[in-house]
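Let's take a walk through this model, starting with its pockets and ending with its cysteines. Keep the 3D view open as you read.

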Amino acid sequence: VKTTDKVINYSFYMMLTCLVQIVVLLRQLVHTQQQSSATKISLLCIGWQTTIDALLCLGHIYLSLAIQPLFTAFASVAFFKLLIFGVIEMKYMTIILQGRNTANGGQNTSDLLRRQITNVSLRFYVALVICFSGFFYAGHKF
């Protein structure tokens, strides 16, 4: 019974943290809508933040499947993390790419932007798989 209470408290505080993170990210997204502001943001930093949020999402999905009685507690946190990395942070990386293209004098054609977004998404998912594999390997080795 004590473990269940601790997990529910953990879930509550994680969802509260996720809501605060969503509000802060949306405010930051609004402030960097102008392309001159978006060029000052590190794409690598946002990419790693997205990777960490995706790993947390996968970890919570795994916990919700592994511990069936606490499914809703972990699945709700996983949903919020999915919303953060899948919608907000990926959109943020797209805005940064658009700002950099415009600042470099490049033409913002939809084909070029689509290619760059695909490239960033591919790099993100490769980094995610490498991190997840590294954690899996480290968990078995140590």
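Leu43, Leu44, Gly47, Trp48, Thr51, Met93, Val120, Arg123, Phe124 and Ala127 make up the lining of the largest pocket in this predicted model. The space in there comes to about 220 Å³. If you want to find the pocket by its helices, look for α3 (43-66) and α5 (110-141), which each give at least two residues to the lining. The largest share comes from α3, with 5 residues. As for character, the lining has 7 nonpolar residues, 2 polar ones and 1 charged.

Now for the second largest pocket, with a volume of about 150 Å³. Here you'll meet Leu55, Gly59, Tyr62, Phe132, Phe135 and Phe136 along the walls. Once again α3 and α5 are the elements that supply two or more of the lining residues. This lining splits into 5 nonpolar residues and 1 polar, with no charged ones.

On to the cysteines. A disulfide is a covalent bond that joins the sulfur atoms of two cysteines. How many disulfides does the model have? The count is 0, going by a cut-off of 2.5 Å between the sulfurs.

Two of the cysteines show how that works out. Take Cys57: the closest cysteine sulfur belongs to Cys18 and sits 9.5 Å away, so that pair is too far apart for a bond. Cys57 is also buried, with a relative accessible area of 2%. Then there's Cys131, whose closest cysteine sulfur, in Cys45, is 14 Å away, so a bond is ruled out by distance here too. Cys131 counts as buried as well, at 18% relative accessibility, because the cut-off for buried is under 20%.

Conventions. Residues are numbered from 1 along each chain as its sequence is written. This is a predicted model: local features need pLDDT of at least 70, side-chain atom pairs count only at pLDDT 80 or more; totals for chains, interfaces and linings use all residues. Side-chain values use heavy atoms; hydrogens and water are left out. On a 1 Å grid over the protein atoms alone, a cavity is a set of points where a 1.4 Å probe fits but cannot get out, and a pocket is an open set with protein on both sides within 12 Å along at least five of seven lines; lining residues have an atom within 4 Å of a point. Grid points are joined across faces, edges and corners, and a volume is the space filled by probe spheres set on the points. Helices (H or I, at least four residues) and strands (E, at least two) are DSSP runs, numbered from the N terminus. Ala, Val, Leu, Ile, Met, Phe, Trp, Tyr, Cys and Pro count as nonpolar, Asp, Glu, Lys and Arg as charged, and the others, Gly among them, as polar. Buried means under 20% relative accessible area, exposed over 50%, partly exposed in between (1.4 Å probe, protein chains only).
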